[in-house]
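Colleague: I have this model open and would like to understand the words people use for its parts. Could you take me through the reasoning, step by step?

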Amino acid sequence: MPTDFGATRAMFYIPEGVVYLDGNSLGPMPLAAAARVARTVTDEWGGLLIRGWNEAGWMDLPARVGDRIGRLIGAPAGTVVTGDTLSIKVYQALASAAALRPDRRVILSDTGNFPSDLYMADGLCRTLGDGWRLVTVAPEDVADAIDASVAVLMLTEVDYRTGRLHDMAALTARAHTAGALTVWDLAHSAGALPVDVTAAGADFAVGCTYKYLNSGPGGPAFIHVAPRLAEAARPALSGWLGHEAPFAFDLDYRPGRGIERMRVGTPPILQLAALDAAMDVWEGVSMADVRARSIALSQAFIAGVEAACPALTLASPRDPAARGSQVSFRHPEGYAIMQALIARGVIGDFRAPDILRFGFTPLYIGEAEVARAVAVLAEVMATGAWDRPDYRRRAKVT
Ligand SMILES: *Cc1c(COP(=O)(O)O)cnc(C)c1O
């Protein structure tokens, strides 16, 4: 059955008059998430108190919700767990992967990666010392830079600025041929396009849930470890809830079984409740349908903007097969232009130095929203309405 995008749209709260093209950064609120969080607060926290850990299944929630995410990324049941933030999960995956390649010293990544991933890798190298280093090359040079010195190839599949899509299967195969392991960051992939970590042979995969998975600000991240590595991967952040028997309170750390060992400390139950409810939206949704519609919407947006706004230059790959689910344009005054759009109800975001970024999320965006966004952008550019000092004043979050 084809995906009913009218039905998925009705599951979200989108404020009146807003065209929301920033679901790639913070997904909108699923109505069920608000209700679920309210119930979790009142009935479970309020009513059950500490009994909630057993009676409301709080302790199993990180893995249960992980399995639901697993279905969107091709990960088998029991190989995904949620918790912490993505930066932490990047560190965990990298540290485990690095320890599995003790004879090597290089973490390879690209200059298009999200800075936090690179910062975490750099921090890990400093902690490990002993010659460990992070090497970054241009995204198009990654394949050729994979050699026998590389312990771990760490890449984000979809570039957060341009939307450029790496070939996960091909690069993983190349890394494996060279004897390296892979850590894939799916922050802009999970819920955005079809992903199959199993088919691609990915060793570790991580991602966040507050973008395309709509779990709300600060929603927990997820981590996947390939089953073949699950019992060999040693957790670097050896917290009590990743222990084999947390409530034995042993003084010695023994890693838990499989993916359970990637848990660290107390799970964020309110955020997990929101995420669990948000995952309901994906029931009956085909990622192939999402992809087809995302491409149709983004192609329409590119065509409309290029026809009406000659001052904007496309920053994303023109070929939709080489792109994730976002489209970016460059303009030296991109920040002010985006503020003018936001003031008119068309919400995207800005990434330094000059990128206007728009996310296309078929669960709640259709042709009418794309047409309105193009029309408003065309008007803002044609009239110069963006050229105001208050639109140039940078907020803390862009
Ligand atoms: C959004 C994003 C992050 C954010 O990490 P947090 O720890 O959740 O703040 C990290 N890496 C990538 C690639 C991202 O897109």
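Colleague: What makes helix H4 largely enclosed by the rest of the structure?

Modeller: Happy to explain, with a reminder that this is a predicted model. H4 has 13 residues and 10 of them are buried, so the helix is largely enclosed. Buried here means under 20% relative accessible area. Among the buried ones are Leu61, Val65, Ile69 and Ile73.

Colleague: What do those buried residues of H4 pack against?

Modeller: Their neighbours are helices H2 (31-48), H9 (197-200), H11 (269-279) and H12, together with strands E4 (80-83) and E10 (221-225).

Colleague: How do you know that the span of H4 agrees with its number of residues?

Modeller: The rule takes 1.5 Å times one less than the number of residues. For the 13 residues of H4 (61-73) this gives an expected 18 Å, and the end C-alpha atoms are 19 Å apart, so the two agree. Just after H4 comes Gly74, with a positive phi of about 75°.

Colleague: Why is strand E10 described as largely enclosed?

Modeller: Five of its five residues are buried, so that description fits E10. Ala221, Ile223 and Val225 point one way, Phe222 and His224 point the other way, and all are buried.

Colleague: What makes E4 and E10 a pair of strands?

Modeller: Pairing needs at least two bridges. E4 and E10 have four, and they run antiparallel. In one of these bridges, Gly83 has Ala221 of E10 as its partner. Strand E9 (residues 204-208) also pairs with E10 in the antiparallel sense, over five bridges. There, Phe204 stands opposite Val225.

Colleague: Why is the aromatic pair of Phe247 and Phe249 called edge-to-face?

Modeller: Two cut-offs settle this: ring centres within 6.5 Å make a pair, and planes over 60 degrees apart make it edge-to-face. Phe247 and Phe249 are 5.5 Å apart centre to centre, with 80° between the planes, and that is edge-to-face. Phe247 has a relative accessible area of 56%, so it counts as exposed. Phe249, at 55%, is therefore exposed as well.

Colleague: What makes the pair of Phe301 and Phe358 tilted?

Modeller: The angle between their planes is 55°, with 4.8 Å between the centres. Stacked would need under 30 degrees and edge-to-face over 60, so tilted is what remains. This pair links distant parts of the chain, with Phe301 in helix H12 (residues 287-308) and Phe358 in strand E15 (residues 355-359), 57 residues apart. Phe301 has 0% relative accessibility, so it counts as buried. Phe358 has 1%, and therefore counts as buried too. Both belong to one aromatic cluster with Phe329 and Phe360.

Colleague: How do you know that the charged end of Arg388 sits over the ring of Tyr391?

Modeller: The atom CZ of Arg must be within 6 Å of the ring centre and within 35 degrees of the ring normal. The charged end of Arg388 is 4.4 Å from the centre of the Tyr391 ring, and sits over it. Lys211 lies over the face of Phe114 in a similar arrangement, at 5.6 Å from the ring centre.

Colleague: How many disulfides does the rule give?

Modeller: Zero. To count, two cysteine sulfur atoms would have to lie within 2.5 Å. As for the cysteines themselves, Cys125 has 4% relative accessibility, so it counts as buried. Cys208 has a relative accessible area of 1%, so it is buried.

Technical notes. Residues are numbered from 1 along each chain as its sequence is written. This is a predicted model: local features need pLDDT of at least 70, side-chain atom pairs count only at pLDDT 80 or more; totals for chains, interfaces and linings use all residues. Side-chain values use heavy atoms; hydrogens and water are left out. Rings of Phe, Tyr and Trp (its six-membered ring) pair if their centres lie within 6.5 Å; planes under 30 degrees apart count as stacked, over 60 as edge-to-face and the rest as tilted. Buried means under 20% relative accessible area, exposed over 50%, partly exposed in between (1.4 Å probe, protein chains only). Helices (H or I, at least four residues) and strands (E, at least two) are DSSP runs, numbered from the N terminus. Contact means heavy atoms within 4.5 Å.
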